[in-house]
Amino acid sequence: MKELSYDAVVIGGGAAGMAAALELEAAGRRVAVVEREERLGGILGQCVHNGFGLIEFDEELTGPEFAERFEDRLSARPIEAFLGCTVLELEVEGEAKVVSCVSRERGVMRLRAQAVVLAMGCRERNRGNIRIPGSRPAGVYTAGLAQRLVNVEGYVPGKDVAIIGSGDIGLIMARRMSWIGCNVHAVVEIMPYPSGLTRNIVQCLRDFDIPLYLSHLTTDIYGRDRVEGIEIAPIENGALVMEKAFKIPCDTVLLSVGLVPENELSRKAGVSINPMTNGPWVDSFLMTSVPGVFACGNVLHVHDLVDYVVEESRRAGRFAAEWLAGRRPSRELRVKAGANVRYVAPGRIEPGRDNKLYLRSMIVKNDAVLEVKLDGKPIRSVKKGHVQPSEMITIALGAADLVALAAQPDSTLEISIQ
Amino acid sequence: MRKELTCITCPMGCRLVAESDSSGELAVSGNRCPRGAAYAREELLAPKRTVTATCRAAGAAVDGSGTRRVPCRTVAPFPKERVPELLEAIYGLEVSLPVARGQVLLQDALGLGIDLVATRTLS
């Protein structure tokens, strides 16, 4: 078995992994990226639509274009990329971490490193995760799988489509399916508001007159060998009204019902997981509960823009390099999600430096106020024109914002939305 | 004429109302910034969309391995009412590999002065 040594190994070669690896290499570290697919870029390769890169490149790119710009940056640097290479296990052996992986070309390898960056991304929730009743016919796909079939493999999954869930991938697929000549008959959303971006509702549904059923639950998928339709029923005042249930005939069902960080490897390595994000708990260095193991991108929490993924992952790469150089946080404040906030990442910040926090609202509101409190004392309030659960909020807290405050060793920073 | 629409320029999603008076002048309200008014004008008078799709890669292996589809886009937003025609042209293409990102696949599509280009380098 081949054994190789690096300063850092990055698991996952999507946007997050590439951004983290570039920072580590820029800091003079020997880095390897391990990627399961035959090419770097991750999910961006199948996201052929535009809307990526407005922050990173100041222009609107498609997924493949965004990915390739990062691939170009990577190939210009001495960064080892193991492609078609699946990680089987991450083990901690004292100070060292060992990444066991296997590829068709090289067989089994053990990559030894002081630091590991987790950048495995996320997976789609499927039918079993949301327990849709009914029979088990062919024709039920997650939206991302359908996207891969259409955009990469060149197959059309069906002709008459119903989409369950109004996540962005589902909305993008509504347009894509319409553009390849399919009929999209409905998008069904359990919540009273769509979970995707407003601009996607407009340009992916309204352009094609696709009905959006808000506050509707899918109560049945029927058909024997192939999907023949779904049954949906409205939710009124919190109760399902079965008398008003109706059927929507279709031969294909796409599910766009959320994403879950992919942390099988992390869990087995002993990394503690935050149940609110399904990603690791991380400190101000974006370091997990296992010293020397860092996390960034969608494996940490699900982001809505790749631009945010890249920004966060650069920080993780830089922090990993600093940690390798022996730097440790001098003092940390705990960060807590207050009223109307689902979660805040990371869970700790270091008061003496520039921190960036990512959070998600639990409410839909115009003219909202973001309140930051330290041990119950308001220290900052930020006006937000509009907040909604599907749109991530970022807040920068610089050294100047916190260092002057007489925080106790066990101080807590709480962020709420009013 | 009175028309309601949602601005898609940014995540605010302003609800716009556009009204034209007897002289045909369009008045936009409900927008919180000037971009909303510009969006409403273009959307009502000459709607455009950036078209992204994939086209067939020539000589794709029958076993499903290798490159089968080439992703592509219009370099600028395309007149909305001509999009179905453009898609037909895209699906009729067969692109031989290798192809480079930015390579023109369809020049001056439908004679409207807008090129279709590949969005990824593939071999």
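**Exercises on a two-chain model**

Setting aside neighbours up to four places off in sequence, E65(A) is in contact with R73(B), R101(B) and T119(B), where contact means heavy atoms within 4.5 Å. This is a predicted model, in which local features need pLDDT of at least 70 and side-chain atom pairs count only at pLDDT 80 or more, while totals for chains, interfaces and linings use all residues. Residues are numbered from 1 along each chain as its sequence is written, chains are lettered from A and ligands numbered from 1 in the order in which they are written, and side-chain values use heavy atoms, with hydrogens and water left out.

**Exercise 1: E65(A)**

Task: Find the element that holds E65(A), and decide whether E65(A) is buried or exposed.

Solution:
- Step 1. Go to helix α2 of chain A, residues 63–75, which holds E65(A). Helices (H or I, at least four residues) and strands (E, at least two) are DSSP runs, numbered from the N terminus.
- Step 2. Check the accessibility: E65(A) has 11% relative accessibility and therefore counts as buried. Buried means under 20% relative accessible area, exposed over 50%, and partly exposed in between (1.4 Å probe, protein chains only).
- Step 3. Look back at the partners of E65(A): R73(B), R101(B) and T119(B) belong to chain B.

**Exercise 2: the build of chain B**

Task: Work out the order of the elements in chain B, and compare its radius of gyration with the globule rule.

Solution:
- Step 1. Count the elements: chain B has two helices and ten strands.
- Step 2. Read them off from the N terminus: β-β-β-α-β-β-β-β-α-β-β-β.
- Step 3. Compare the radii: chain B comes to 19 Å, well over the 14 Å of the globule rule for 123 residues, so chain B is more spread out than a compact globule. The radius is taken over C-alpha atoms, and the rule is 2.2 Å times the number of residues to the power 0.38.
- Step 4. Set the extents beside that: the C-alpha trace spans about 60 × 30 × 20 Å along its principal axes.
- Step 5. Add the domains: chain B is divided into domain 1 (2–45) and domain 2 (49–118), and their C-alpha centres lie 32 Å apart. The bounds come from an automatic or database domain assignment.

**Exercise 3: V99(B) and its loop**

Task: Which residues does V99(B) touch, leaving out those up to four places away in sequence?

Solution:
- Step 1. Find the loop between β8 (94–95) and β9 (104–106) of chain B, where V99(B) sits.
- Step 2. Look at P98(B), which is in the loop between β8 and β9 as well. The peptide bond from L97(B) to P98(B) is cis, with omega near -5 degrees. Most residues other than glycine have a negative phi, and most peptide bonds are trans.
- Step 3. Check the burial of V99(B): its relative accessibility is 2%, so V99(B) counts as buried.
- Step 4. List the partners of V99(B): V70(B), L105(B), A118(B), R120(B), T121(B) and L122(B).
- Step 5. Take one more pair: V99(B) and A57(B) are 42 residues apart in sequence, with their C-alpha atoms 9.4 Å apart in space.

**Exercise 4: chain A as a whole**

Task: How does the radius of gyration of chain A stand against the globule rule, and how is the chain divided into domains?

Solution:
- Step 1. Count the elements of chain A: nine helices and 30 strands.
- Step 2. Compare the radii: the 22 Å of chain A is close to the 22 Å that the rule gives for 418 residues, so chain A is as compact as a globular protein of that length.
- Step 3. Note the burial: 55% of the 418 residues of chain A count as buried.
- Step 4. List the domains: domain 1 (1–125 + 258–328), domain 2 (126–257) and domain 3 (331–418).
- Step 5. Relate two of them: the C-alpha centres of domain 2 and domain 3 of chain A lie 36 Å apart, and five residues of domain 2 are in contact with six residues of domain 3.

**Exercise 5: backbone angles in chain A**

Task: Locate L286(A) and D367(A), and say whether each is buried or exposed.

Solution:
- Step 1. L286(A) lies in the loop between β21 (279–280) and β22 (293–295), and its phi is near 55 degrees, a positive value in a residue other than glycine.
- Step 2. At 5% relative accessibility, L286(A) counts as buried.
- Step 3. D367(A) belongs to strand β27, residues 365–374, with a positive phi of about 50 degrees.
- Step 4. D367(A) has 60% relative accessibility and counts as exposed.
- Step 5. Finish with the cis peptide bond between A345(A) and P346(A), whose omega is about -5 degrees; P346(A) lies in the loop between β24 (341–345) and β25 (348–349).
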